[in-house]
Amino acid sequence: MALAVLQGWPGPAALLDARSVLRHANPALRAALGPTRPPQPGLPAPRLFAAVDRDAVAGWLDHGQGVREFRLAAPEGMPEPPVAARRIPLPGSEALLLLQPLVPVQDSAEADRLQTLGALAGGIAHDFNNLLTVVLGAGEDALRLAGPSPDPALAAELAQVRQAAERGAGLVRQLLAYARQQVLEPRLVPLNEAVQGIAALLQSGGQRQGVVLEVTLDEPGRLVRIDPSQLDRVVMNLAINARQAMPQGGRLRLSTTREVLLAPLCGTPDTVPAGRWTVLEVADTGQGIAPEALPRIFEPFFTTRIDQGGTGLGLATVHGIVRQSGGFMVVDSAPGQGTRFRILLPRVEGEAEAPAAPPAAAALAPPAGPVLLVEDEAPLRRLAERALRRAGHDVAVAEDAETALELIEAGLVPGQLVSDVAMPGMDGVALAQALRLRFPALPVLLVSGYAQSAVEAAPDAAGIRFLAKPYSPAGLVEAVGKAVVPAC
């Protein structure tokens, strides 16, 4: 229940233990602190705040009541925003720390509206991912039951079902990006190299006739901390929009630079705090954006291209990715004068990081006991159980965490835990932690349609993996195989 509150709270929030040490953080807190200050479990709660306020926070957490105003910690080079803090005690000595950003009065209604839209998008994504998992699984089962040589017409219809479900999953991913609830894999990336790679893709994919691509790179190149696949997604989306804005031809420019802001930069859609920034620009010489439309282009489902099949999620997705990565966006445009999108990311130092290599399949040992499957949605539970049993796994099934613990008390020794994250009562993360106390080497696979909630609690710990819904039966079986502990 406590994690459900965290997921639904529109502002930054955390779950603290009896010693005011962080157990879980919600996506809004992670976004507020930025990728350079991740709120990891085990962090003392005062460390979430500006250094000058930490002693006061510690005293307030120990003895204080009511609402207090403090300054939250911020990514390097950024101002520390004021927040109203509230501590809510919970049964068992835990407590919720709820933070409300203090925004100017004229901005509060807009902030509340956007927070509500983000929470709604996350909730819709969660429910749709559950439904799409059932659709994908049922389609795969139907094709399997049709035999080795299914009727071609039936196979074609089932292929359409799968394609429609996969398109729906893509739409859900866009909603999660807007709501800033994606599972990201950020690392230090050379920005110039990333832009050159995207430029090569644009060239190989063919430019609209008459559109000239220009690339201008700042030297020496800078590193940014971001998920490289999401960076590609951001730039490709902006580049495609730019080409569509130049039906008669023009110039598309990708460029990198750096900027030091001595005062906040007021722009649309973001006000960029003072600090040191690495900047990526995507600019065109196209038709430009009408003044009345410019403030709305980042809203979900707003589009000026309905006749061209626009969904209105492209720029909302881009903005969500940038903000979840600790960055900001500013757009300048006028009718007939083109458009310039500027992405400002915190300047970081270090060396570029390569993605972690996956474990070799030959090094994996099979589970020593049954797979303990915990899922509160009955259709998903049946789907997952069938898939795992067909793959040769012994499966013990529970409809919630409490039932799973009863099975353990009755003598079940699981070889692996596969659990949904968001469930009534105890959530999957807490269940995994409880079972790890008894079985320290237990492999764990966390599954969720609300992606970010699953990674808040330490899915990077040894033997813990994450599978986002929607998944296919084959995808679940593969993930279970990868979640086992490597053999010695």
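Where in the chain is P269 found? In this predicted model, P269 is found in the loop that lies between β10 (265-266) and β11 (271-272), and the peptide bond that joins T268 to P269 is cis, with an omega of about 5°. A cis peptide bond also joins E219 and P220, where omega is about -5°, and P220 has its place in the loop between β7 (211-216) and β8 (223-226).

These two loops belong to a protein chain with 13 helices and 19 strands. Of the 488 residues of the protein chain, 46% count as buried. If one takes the contacts in the protein chain between residues at least 6 apart in sequence, 67% of these contacts join residues at least 24 apart.

A walk through the elements can begin towards the N terminus, in the loop between β1 and β2 (22-25), where S20 has its place. The phi of S20 is near 60°, which is a positive value in a residue other than glycine. S20 counts as buried because its relative accessibility is 9%, and the cut-off for buried is under 20% relative accessible area.

Helix α3, which covers residues 54-63, has V57, W60 and L61 as buried residues. Seen down the axis of α3, these buried residues fall within an arc of 100°, and they therefore line one face of the helix. On the other side of α3, the residues D55, D62 and H63 are exposed. As for what lies over the buried residues of α3, the cover includes the strands β1 (13-16), β3 (67-71), β4 (82-89) and β5 (95-101).

Further along the chain, Q163 has its place in helix α5, residues 152-178. With a relative accessible area of 45%, Q163 is partly exposed. Q163 and L136 are 27 residues apart in sequence, and their C-alpha atoms are 9.2 Å apart in space.

A pair with another separation in sequence involves T285, which is found in the loop between β12 (275-284) and α8 (314-324). T285 and Q337 are 52 residues apart in sequence, while the distance from C-alpha to C-alpha is 6.3 Å. Leaving aside residues up to four places away in sequence, T285 touches M246, G250, R251 and G338. The relative accessible area of T285 is 38%, so this residue is partly exposed.

How many of the 11 residues of α8 are buried? The count is 11 of the 11, so α8 is largely enclosed by the rest of the structure. The buried residues of α8 include the nonpolar L315, A316, V318, I321 and V322, and among them are also H319, R323 and Q324. Just after α8, G326 takes a positive phi of about 85°.

Two helix pairs complete the picture. The first to consider is that of helix α9 (residues 378-390) and helix α13 (residues 473-482), whose axes come within 9 Å and cross at roughly 60°. The two helices α9 and α13 are therefore oblique to each other, and α9 passes α13 in a right-handed crossing. On the side of α9 the contact is made by L383, A384, A387, L388 and R390, and on the side of α13 by P473, L476, V477 and V480. The residues of this contact of α9 with α13 divide into 8 nonpolar, no polar and 1 charged.

The other pair is formed by helix α10 (residues 401-409) and helix α11 (residues 428-438), whose axes come within 11 Å and cross at roughly 15°. That angle makes α10 roughly parallel to α11, because angles under 35 degrees count as roughly parallel. The crossing in which α10 passes α11 is right-handed. The residues that make the contact are A401, A404, L405, I408 and E409 of α10, together with L431, L435 and R438 of α11. In the contact of α10 with α11, the residues divide into 6 nonpolar, no polar and 2 charged.

Methods
Residues numbered from 1 in each chain as written. Predicted model: local features only at pLDDT ≥ 70, side-chain atom pairs only at ≥ 80, totals over all residues. Heavy atoms only, no water. Buried < 20%, exposed > 50% of the residue type's maximum accessible area, 1.4 Å probe, protein only. Helix = DSSP H or I, 4+ residues; strand = E, 2+ residues; numbered from the N terminus. Arc of directions from axis to C-beta. Contact = heavy atoms within 4.5 Å. Axes fitted to C-alpha atoms, helices over the stretch in contact; angles between N-to-C directions. Parallel < 35°, antiparallel > 145°, perpendicular 65-115°, else oblique. Left-handed = near helix turned anticlockwise from the far one by under 90°.
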